[in-house]
Amino acid sequence: MGNAFGMIPGLEPDEWSNDACRGYAIMAMEDCGFSKKDIRRVVGQLYEVFDLNSVEDAKEKYLSSPY
């Protein structure tokens, strides 16, 4: 039987969360040398972005971005 969720085997949907995303963002920003002040600003903005946009909105933004 195939993976019904179209995800990586073993990665169940409930393992993903907004907090996990914030954690990834914090790790990336720390690795890039962002200041604590800038990290706090981005993490704070993520709360609003998560509230106002769907997962599909975020996916489309990423796929159409130059990054």
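The exercises below, each with a worked solution, concern a predicted model.

**Exercise 1. Establish how many helices and strands the protein has, and what share of its residues counts as buried.**

Solution. Begin with the secondary structure, which comes to 3 helices and 0 strands, so that, by the way elements are numbered from the N terminus, the order reads α-α-α. Turn next to burial: of the 67 residues of the protein, 9% count as buried. Finally, consider the accessible surface, which comes to about 6000 Å² and of which carbon and sulfur atoms hold 58%.

**Exercise 2. Identify the residues of the largest nonpolar core and the elements that give two or more residues to this core.**

Solution. The largest nonpolar core consists of 5 residues, namely Ala 25, Met 29, Ile 39, Val 43 and Leu 46. Two or more of these residues come from each of α1 and α2 (36-52), and α2 gives the largest share, 3 residues. As a general background, nonpolar side chains in soluble globular proteins tend to be buried together. To follow one core member further, take Met 29, which, once residues up to four places away in sequence are set aside, touches Phe 34, Ile 39, Val 42 and Val 43.

**Exercise 3. Decide whether Arg 22 is buried or exposed, and describe its contacts.**

Solution. First place the residue: Arg 22 is found in helix α1. Its relative accessible area is 9%, and because buried means under 20%, Arg 22 counts as buried. Next examine the polar side of its surroundings, where the side chain of Arg 22 makes a polar contact of 2.7 Å with the side chain of Asp 19. Lastly, leaving aside neighbours within four places in sequence, Arg 22 is in contact with Val 43, Leu 46, Tyr 47 and Phe 50.

**Exercise 4. Classify Trp 16 by accessibility and find the surface patch to which Trp 16 belongs.**

Solution. Trp 16 is found in the segment before α1 (18-31). Because its relative accessibility is 48%, and partly exposed covers the range between under 20% and over 50%, Trp 16 counts as partly exposed. Together with Tyr 24 and Met 27, Trp 16 makes a nonpolar surface patch of about 370 Å².

**Exercise 5. Determine how many residues of helix α3 are buried, and which residue caps its N-terminal end.**

Solution. Helix α3 spans residues 55-64, and among its 10 residues the count of buried residues is 0, which leaves the helix hardly covered. The cap at the N-terminal end of α3 is Ser 54, a side-chain oxygen of which lies 3.3 Å from the backbone nitrogen of Glu 56.

Note on methods. Residues numbered from 1 in each chain as written. Predicted model: local features only at pLDDT ≥ 70, side-chain atom pairs only at ≥ 80, totals over all residues. Heavy atoms only, no water. Patch = residues over 30% accessible without salt bridge, like charges linked within 9 Å, V, L, I, M, F, W, Y side chains within 5 Å. Areas by Shrake-Rupley, 256 points an atom, 1.4 Å probe, with all protein chains shown as cover. Salt bridge = Lys/Arg side-chain N within 4 Å of Asp/Glu carboxyl O. Helix = DSSP H or I, 4+ residues; strand = E, 2+ residues; numbered from the N terminus. Buried < 20%, exposed > 50% of the residue type's maximum accessible area, 1.4 Å probe, protein only. Polar contact = N/O pair within 3.5 Å; in protein donor to acceptor, adjacent residues only side chain to side chain. Contact = heavy atoms within 4.5 Å. Core = buried A, V, L, I, M, F, W, Y, C linked by side-chain atoms within 4.5 Å.
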